[in-house]
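Reader: Hi! I've got a new model open on my screen and would love some company going through it. Could you walk me through it?

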Amino acid sequence: MSTTSTPSAGVGREDLERLAAHWEERPSLRAWLSTVDHKKIGRRYLVTAGFFFVLAGLSALVMRTQLGRPESGLVAPQEYNQLFSMHGTAMVFLFATPMLFGFGNFLVPLMIGSRDMAFPRLNAFGYWVFLFAGLFMWASLPFGAAPNNGWFGYVPLSDEQNNPGLHMDVYALGLLFLGISTTSGAINFIVTALKLRAPGMSLNRVPLFVWAIVATAFMVVFALPALNADNAMLFLDRRFGTHFFDPSHGGNVLLWQHLFWIFGHPDVYIIVMPALGIVSAVLPAFTRRGVVGYVLVVLAIVSISIISFGVWVHHMFATGLPQLSFSFFSAASTIITIPSGVQIFAWLATMLLGRLVLRVPLLFVIGFIVTFVLGGFTGAMFAVTAFDQQTTDTYFVVAHFHYVLIGGAVFPMLAGVYYWLPKITGRMYHEGLARWAFWLFFTGMHVTFFPMHLYGLFGMPRRVYTYPNIAGWAGWNLVSTIGSYLLALGVLLTIVGVVHTLRRGRPAPPDPWGGDTLEWSTASPPEPYNFPVLPRVHSLHPTWDARTAESTGPGASADRVLSGGRRTLLTSELDARQERAVAMPESTLKPLALAGALLLGFTALLLAWYPVAVVAALAVAATLAVWLWPPRLPEQEEVGP
Amino acid sequence: MDTTADTTRTAARRAGRRGRPRPLPALPAACGLLLLAGCSGGSPSALDAHGAGAIRVANLWWLLFWISVAVFVEVMALLAWALVFRRGAVRVRHGQPLRFVAIAGAGVPLLILVAVYAVGLRDLAALGTTSDPDAHTVEVIGHKWWWEVRYEGRSGATANEIHIPVGERVRVRLRTADVLHSFWVPQLMPKTDLISGEVRETWLRAERQGSYRGQCAEYCGTQHAHMAFLVVAESRADFDAYLARLDAPAPAPRTDAERRGQQTFVQGTCAACHSVRGTDASGRVGPDLSDVGARWSIGAGAVPNDAGHLGGWIANSQTVKPGNYMPPQPVPAAQLPDLLAYLRSLK
């Protein structure tokens, strides 16, 4: 952790020393396990999610190799089915959302001018649960017991009778376990963004990235219970003989699909929305102007998060539900294109009115626009029921959602990685390596996935481990496979680039790009306490606004230094009026202990060691009791309005 | 033009009925740019449509495709404009062109999407029309991993092959015996799922004679990849003849080898799972084999239907289609040729 920053003019050396004493953690194993610092947790999320991305990507490479030629025997069907199930499950649940949570964790407190998340211990707990749940699911693969029913886990194929063994127990329990992490993270984002914003950061001055994270967090809170209910019912059906999904006993198999997609469609936006927020955060620095149409973009974010709950049936257009319902859901699925279009044109207008600085983060934004727009077209096509009935469950849909998810989420993430690497690591990345990584990634992506539109239209279904030698399938599949290796090379170069940055990168200044949000006013990497003086915000682009610097400069109000303990400032929800200082928790091992007890419990449930599960439940209760026992708080520091 | 993937096999199978091989139809010459148009050399392409439903969707696709091309060109032009003319020392203009964002990002797309939605509703209504009381009904039952096919009013069943009279609407009643499957013939009709505990309906109508490849489109477990079927559209006379055969017993053995093979079949383990009309073999677990010699493939599209593949399948089908429900058969090597001869004679 860097300790080299110069003291701000408005804050004395004594204040800085007290801040450092309260917030710094001396390196030790215990400190490593017990930290509640949002920046460390954010970095851990990014690294862990990146690791799961690599695992899921490697399983995709095996699949693409198998599909490179017809009737290939590289992997057996039972293995292939586990590979594609783990690929989808991991990419959606263990990579995309946690990666964006990593960005959010690192950036939200910095962007809103706070010293930490609202619930730092909950934050640490969320990370440990994510790590354990991810390992819980991946550990099943070497035992040949990984989920084998796709990421969507449809019944009755996932019930006990049709799918004996642990496969789908791993899936149901793993997702329930992970859901604890995602939900607690989401609640943390909501409260942090509503209560910890710097004074003056009224809702119309909140960075678009933070808007996107908050909207996403609300979607998580409303969508995830449907998935949790689904998985709880599945586990009860499988293990304890209930009949929620069993039509021979009055259950209904479509119930699973409704609940799954009530979660699953908003989930697409849960993945894409924060990534779009990254685009809105990156663009101003490389176009030299704020995103055009701030209000329209915010409205677009909010309307997407609402409409996305009304489109789930378009995943079920082939199930033969009544046509009238199709026409409603087709309309909703069509209309959700509009707010996405508004955002695209807001970015285009920003680029047209600004002055482009073609550095690597902007390259990735351009790659994003090209790719995401193509994915958007096919998305609008799927809203047309008749077309959906022809192409759903074919490679056309595989092409579509990879364009949306790689285009809409991975490109922005990589833009964000290069944009914030200097802030996160304190070092600059290697421009040449990064450009190679971009071009390999971009080319590989399109060579892999564009042909899938074609062989999807030519009648190739998805989720098949092999296919006959049909003209138009075999050739284009080989092209896809070649593309997937280019794509993998791009990922490899990205990893090399990040390692190079950590080892060899030259030291980064606090603000290498001229960014417009508050994180650029901190040291690179930021001090453990983020801001010596919590800034006062006067506009949408605080670091482009001299008044922000003045607010932390000479004569800065002492009630925003808060050096008398681990403290940050509470403000009002709408207009961010200063309310009072709050004490923030010290580092603690309780989050790790609670997550460990939960891991023991879920493992015991999986392996049907029910007595151990009871012990684990008691351990969870005991840890919670210790955690929630009212602490002796230091006296509250009074601050003026 | 013969439109199936397994052109050779299909042609050979039909040739078997007619007694002489039919030459392969020439593939269309210049594919080049037409790749997108579905000129893909005999693949079951949704764009090479020969059924009323699929033709409707193919036309819909071209409408959507050209709209997308137009909008994509517009967006890329703006992007290119920014990249070319908005770099370097261009003076930064201020002001918020909200009107541009609102019109280009919301207004224009809304108009396009309303039009597309209207067309989509029209096509949805057209695809859904199944209320034709005179239509012949075929019942298709999905199994892991093959298709059982039964015809209204006929006692016999067959597998993985659906015959329909060309140019006529045929109602398809869909059920599943186990998990979800999806019934899909890209060249004839978009897909309809088979839902456990429920019955769904769709219809087929082929505008031209020929064989059309269909495949399960809903992931259904280990061998989802090998759950293909064939829709054979033939003249009304051929269709009626086909239906008539479904009520008759399977052909009786004519040679000694076939007779011995039948004995092996009926008295051995085969009959536990399979049935052949007119014999004591009445197993219901696996496909009815009364016309197995005439079918286009073995294992729902897994391998071609010839003596070699059939022998391999009987000896150990797990090497052909791993995970299917037929265990390796302990047929003594001496009896296998007779069994093959019998099965091959069932057509």
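Author: Happy to! Let's start with a term: two residues are in contact when they have heavy atoms within 4.5 Å. Please also keep in mind that this is a predicted model.

Reader: Thanks. With that in hand, what share of the contacts in chain B with a separation of 6 or more is between residues 24 or more positions apart?

Author: Those pairs account for 64% of the contacts in chain B with a separation of 6 or more.

Reader: And what is chain B built from in terms of secondary structure?

Author: Chain B has eight helices and 12 strands. Of its 347 residues, 53% are buried. The chain exposes about 14,700 Å², and 61% of that comes from carbon and sulfur atoms.

Reader: Let's go to the interface. How many residues are in contact between chain B and chain A?

Author: On the chain B side there are 90 residues, in contact with 89 residues of chain A. Together the two chains bury about 7,200 Å² between them, with 71% of it on carbon and sulfur atoms. In chain B, the residues that lose the most area to chain A are B:Leu124, B:Lys191 and B:Tyr219, which together make up 10% of what that side buries.

Reader: How many salt bridges are there between the two chains?

Author: The count is zero. There are, however, 17 residue pairs in polar contact across the interface, with both residues at pLDDT 80 or more.

Reader: Which elements of chain B give two or more residues to that side?

Author: They are α2 (52-85), α3 (98-128), β7 (189-194) and β9 (210-215) of chain B. The most comes from α3(B), with 19 residues.

Reader: Can you pick a residue in chain A that touches chain B? I'd like a concrete example.

Author: Try A:Ser330, in helix α10 (residues 323-335) of chain A. Leaving aside neighbours within four places in sequence, A:Ser330 is in contact with B:Tyr117, and also with A:Phe317, A:Ala383, A:Val384 and A:Thr385.

Reader: Is A:Ser330 buried or exposed?

Author: Buried, because its relative accessibility is 4% and the cut-off for buried is under 20%.

Reader: Changing topic: which residues form the nonpolar patch on the surface?

Author: That patch is made of A:Val54, A:Leu58, A:Ile495 and A:Val499, with about 290 Å² of accessible area together. Helices α3 (38-67) and α16 (474-504) of chain A each give two or more residues to the patch. A:Leu58 is found in α3 of chain A, and at 47% relative accessibility A:Leu58 counts as partly exposed.

Reader: Now the backbone. Where are the cis peptide bonds I should look at?

Author: One joins A:Ser524 and A:Pro525, with omega about -10°. A:Pro525 is in the loop between α16 and α17 (546-552) of chain A. Another cis bond runs from B:Lys144 to B:Trp145, with omega near 0°. B:Trp145 sits in the loop between β1 (136-143) and β2 (146-151) of chain B.

Reader: Why point those out?

Author: Because most peptide bonds are trans, and in a similar way most residues other than glycine have a negative phi.

Reader: Which residues have a positive phi, then?

Author: Among them is A:Arg463, with phi near 60°. A:Arg463 lies in the loop between α15 (431-457) and α16 of chain A, and counts as buried at 10% relative accessibility. Another is A:Ala576, with a phi of about 55°. Its place is in the loop between β1 (567-571) and β2 (578-583) of chain A, and A:Ala576 is buried, with a relative accessible area of 2%.

Notes. Residues numbered from 1 in each chain as written. Chains lettered and ligands numbered in written order. Predicted model: local features only at pLDDT ≥ 70, side-chain atom pairs only at ≥ 80, totals over all residues. Heavy atoms only, no water. Patch = residues over 30% accessible without salt bridge, like charges linked within 9 Å, V, L, I, M, F, W, Y side chains within 5 Å. Areas by Shrake-Rupley, 256 points an atom, 1.4 Å probe, with all protein chains shown as cover. Salt bridge = Lys/Arg side-chain N within 4 Å of Asp/Glu carboxyl O. Helix = DSSP H or I, 4+ residues; strand = E, 2+ residues; numbered from the N terminus. Buried < 20%, exposed > 50% of the residue type's maximum accessible area, 1.4 Å probe, protein only. Buried area = accessible area lost by both parts, 1.4 Å probe. Polar contact = N/O pair within 3.5 Å; in protein donor to acceptor, adjacent residues only side chain to side chain.
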